[in-house]
Amino acid sequence: TSVAELLELRRLDAAAGLGSRHVLDESHALRAGIDAQELVVHYQPVVDLPTGRWEGVEALVRWEHPQRGLLAPAAFLPVAEASGLIVPLGRQVLTLACTQVALWRDTPPTGGGAGGGARDLHVAVNLSGRQLGEPDVVDVITDALLVSGLPAQALTLELTETSLAGTGAQVDAALAAIRARGVRLALDDFGTGYASYAYLQRFQPDVVKIDRCFVAALGRSERDDLLTSSLIGLGLQLGCGVVAEGVETPEQARMLADLGVTTAQGYLFSPPRTAQALGARLVAP
Ligand code: C2E
Ligand code: CA
Ligand code: CA
Ligand code: CA
């Protein structure tokens, strides 16, 4: 643990009103959890709106805590970020997700139907700023593809403005190298940051993910609708794939389709689930 990391832990403690022992304890517990393979990946389908077909999944980490039960990322990612544990954790998630999706792609459709099953399934994995800043990030991604056998074209890495903020030439070079391998890049939580235009310009994502707050705002007022449709239009006009997040109602799905969105995620279709729980439907013909 570096001095900078300790300072960051102290800052987090202060913000949370906790004793500084607390976050240190938490990071030790998280380290033990990672080593004990208690960190698992759940998958949420990414749906093609016109056909309802599940064209991909997003990998979302969970902690199967022996005492506290299933923990969502909000319960442990801040400590993971502050302690640097997000680097080994993120690497584990990436490898697990690539391996799982490669497996699904290779599973013949059940029921002997003529459909393609999960042959073309793709996977989106969230990448933190910490991971992106590691000097070996390109090797880590290349390794995950190699050991899993997943084609680079089937992988999308999701980045947020926050994870890109304050980064420079080194990260730009890493992103260019990742892209040159055929991996796609997505700008996550699009529209929620302070400088969405600046990041669109610099980062030129293949995909933008419309944050769920803009989906939730649909139908609320003319102004809200206008804001959401402008963000979608911006993404489409730049030639990006546009994915709407947090779709919970058929009405939202319909409005999004009217605005030209063809790809969506949300509880309307499925919450994130274990690989086992999603498997049968994913490889259906
Ligand atoms: P995100 O990347 O924006 O992921 C979408 C979040 O929205 C997920 O929360 C998902 O469960 C939730 N969600 C999906 N559909 C709906 C819906 O219809 N309604 C509502 N209200 N929520 C929906 P989750 O799994 O708790 O993840 C939270 C955040 O943690 C993620 O936001 C992402 O930023 C981060 N995260 C998750 N897994 C990883 C990971 O492996 N690495 C990194 N660096 N970050 C991760
Ligand atoms: Ca689509
Ligand atoms: Ca995401
Ligand atoms: Ca998001």
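**Ligand 1 and the calcium sites**

A polar side-chain atom of D188 lies 3.0 Å from an oxygen atom of ligand 1, in a structure that is a predicted model. Two further side chains make comparable approaches to oxygen atoms of the ligand, with a polar side-chain atom of N126 at 3.1 Å and an N or O atom in the side chain of E58 at 3.2 Å. Taken alone, ligand 1 exposes 810 Å², of which the protein buries 82%. The ligand sits in the largest pocket, where it is surrounded by 21 residues, the closest being Q44, R62, D188, E248 and Y267. Among the secondary-structure elements, β2 (54-65), α4 (86-106) and β6 each supply at least two residues of this shell, and the largest share, four residues, comes from β2.

The residues in polar contact with ligand 1 recur in the coordination of a metal. The calcium ion (ligand 3) is coordinated by E58 (OE), N126 (OD1), E158 (OE) and D188 (OD), at 2.1 to 2.3 Å, and in sequence these donor residues follow the spacing E-x67-N-x31-E-x29-D. Because E158 belongs to strand β5 (residues 155-159) and D188 to strand β6 (residues 184-190), this pair ties together parts that are 30 residues apart in sequence. E158 is buried, with a relative accessible area of 4%, and D188 likewise counts as buried, at 7% relative accessibility; both values fall below the 20% under which a residue is classed as buried. The role of D188 extends to a second ion, since the calcium ion (ligand 3) and the calcium ion (ligand 4) are 4.2 Å apart and D188 coordinates both. D188 is thus a donor to two calcium ions, and is also one of the residues closest to ligand 1.

A further site is formed by the calcium ion (ligand 2), whose protein donors are D48 (OD), E55 (OE) and T263 (OG1), lying 2.7 to 3.0 Å from the ion. The spacing of these donor residues in sequence is D-x6-E-x207-T. Distant parts of the chain are linked by the pair formed by D48, in strand β1 (residues 39-48), and T263, in strand β9 (residues 263-264), which are 215 residues apart. Both D48 and T263 are buried.

Notes:
Residues numbered from 1 in each chain as written. Chains lettered and ligands numbered in written order. Predicted model: local features only at pLDDT ≥ 70, side-chain atom pairs only at ≥ 80, totals over all residues. Heavy atoms only, no water. Donors = N, O, S within 2.8 Å, 3.2 Å for Na, K, Ca; no water. Buried < 20%, exposed > 50% of the residue type's maximum accessible area, 1.4 Å probe, protein only. Near = heavy atom within 4 Å. Polar contact = N/O pair within 3.5 Å; in protein donor to acceptor, adjacent residues only side chain to side chain. Areas by Shrake-Rupley, 256 points an atom, 1.4 Å probe, with all protein chains shown as cover. 1 Å grid on protein atoms, 1.4 Å probe; cavity = no way out; pocket = protein on both sides within 12 Å on 5 of 7 lines; lining within 4 Å. Sits in = over half its atoms within 2 Å of the grid points.
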